[in-house]
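Look at the sequence and the 3D view below. Then work through the exercises, and try each task before you read its solution.

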Amino acid sequence: SQPISAECVVLGFGDAVGVARELTSAIGAQSDVVSQCLAVEQVDSNLVLDLARRISDSPATVVVTVEHHYVRGGFGTYLSDALAEIGWKGSIYKWGVTKPPLGELGDLHFMIEQYCPNIEVMAARVAATVLDEKLSDVGH
């Protein structure tokens, strides 16, 4: 397992690993936020629990899951539940299809283009959240 050393972790699941890498680059291009991309090839309870522990033990305050499908009940939900159970206090974004698509369906890039915020918008949202988390830590 790759150590997590960044303040933002972007997790690409399945076909979405390439898009997760693009998002990680966009976060770095827009801000001073240190982000790290990890590929998740398969999901099982041991992997999710291990990943949740590693995130909890890291400096990460924001996690983004990039999924190639409808996000409800998917990998991000599973990870979010595991993180909550161990008391992690950061923010998690599940980036994928958030509303059931009406009409035309397609591959990963089509679905992201049609049904998700674009990469620059998501990168800005993630960077702002990391900075907000830093400011709230300074205030405590």
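The exercises below go through a predicted model.

**Exercise 1. Strands S1 and S2**

Task: Find out how S1 and S2 are joined, and whether S1 is covered or open.

Solution.
- Step 1. Locate the strands. S1 covers residues 8-13, and six bridges join S1 to S2. The two strands run parallel.
- Step 2. Check two partners. Cysteine 8 has serine 35 of S2 as its bridge partner. Leucine 11 stands opposite leucine 38 in S2.
- Step 3. Add the helix. S1, helix H1 (residues 17-30) and S2 make up a right-handed β-α-β unit.
- Step 4. Look at the side chains of S1. In a regular strand, side chains alternate between the two faces of the sheet. Here Cys8, Val10 and Gly12 point one way, while Val9, Leu11 and Phe13 point the other way. All of them are buried.
- Step 5. Conclude for S1. Six of its six residues are buried, and S1 is mostly covered.
- Step 6. Turn to S2, residues 35-40. Five of its six residues are buried, so S2 is largely enclosed by the rest of the structure.

**Exercise 2. The aromatic pair**

Task: Search the whole structure for aromatic pairs, and say how many there are. Then describe the geometry.

Solution.
- Step 1. Count. The search finds one aromatic pair.
- Step 2. Name the partners. They are phenylalanine 13 and phenylalanine 75.
- Step 3. Choose what to describe. A pair of aromatic rings is described by the distance of the centres and the angle of the planes.
- Step 4. Read the values. The centres of phenylalanine 13 and phenylalanine 75 are 5.7 Å apart, with 10° between the planes. Planes under 30 degrees apart count as stacked, and this pair is stacked.
- Step 5. Place the pair in the chain. Phenylalanine 13 sits in strand S1 and phenylalanine 75 in helix H3, 62 residues apart. The pair links distant parts of the chain.
- Step 6. Test for burial. The limit for buried is under 20% relative accessible area. Phenylalanine 13 has 17%, so it is buried. Phenylalanine 75 has 4%, so it counts as buried too.

**Exercise 3. The two sides of H3**

Task: Which residues of helix H3 (residues 75-85) are buried, and where do they lie around the axis?

Solution.
- Step 1. List the buried residues. They are Phe75, Gly76, Leu79, Ala82 and Leu83.
- Step 2. Use the arc. These residues span only 130° around the axis, so they lie on the same side of H3.
- Step 3. Check the other side. Ala84 and Glu85 are exposed there.
- Step 4. Step past the end. Just after H3, glycine 87 takes a positive phi of about 85°.

**Exercise 4. Core and loop**

Task: Describe the largest nonpolar core, then decide whether leucine 105 is buried or exposed.

Solution.
- Step 1. Start with the core. It holds 21 residues, and among those that touch the most other members are Val64, Ile27 and Trp95.
- Step 2. Find the main contributor. The largest share, six residues, comes from H5.
- Step 3. Inspect valine 64. Beyond its close sequence neighbours, its contacts include Cys8, Leu23, Trp95 and Met122.
- Step 4. Move to leucine 105. It lies in the loop between strand S4 (91-97) and helix H4 (108-115).
- Step 5. Decide. Exposed means over 50%. Leucine 105 has a relative accessible area of 56%, so it is exposed.
- Step 6. Compare positions. The C-alpha atoms of leucine 105 and isoleucine 27 are separated by 28 Å.

Definitions and conventions
Residues numbered from 1 in each chain as written. Predicted model: local features only at pLDDT ≥ 70, side-chain atom pairs only at ≥ 80, totals over all residues. Heavy atoms only, no water. Helix = DSSP H or I, 4+ residues; strand = E, 2+ residues; numbered from the N terminus. Buried < 20%, exposed > 50% of the residue type's maximum accessible area, 1.4 Å probe, protein only. Arc of directions from axis to C-beta. Pairing = 2+ DSSP bridges. Right-handed = clockwise from strand over helix to strand, strands pointing away. Phe/Tyr/Trp six-rings, centres within 6.5 Å; stacked < 30°, edge-to-face > 60°. Core = buried A, V, L, I, M, F, W, Y, C linked by side-chain atoms within 4.5 Å. Contact = heavy atoms within 4.5 Å. Lists of a residue's contacts leave out its neighbours within four places in sequence.
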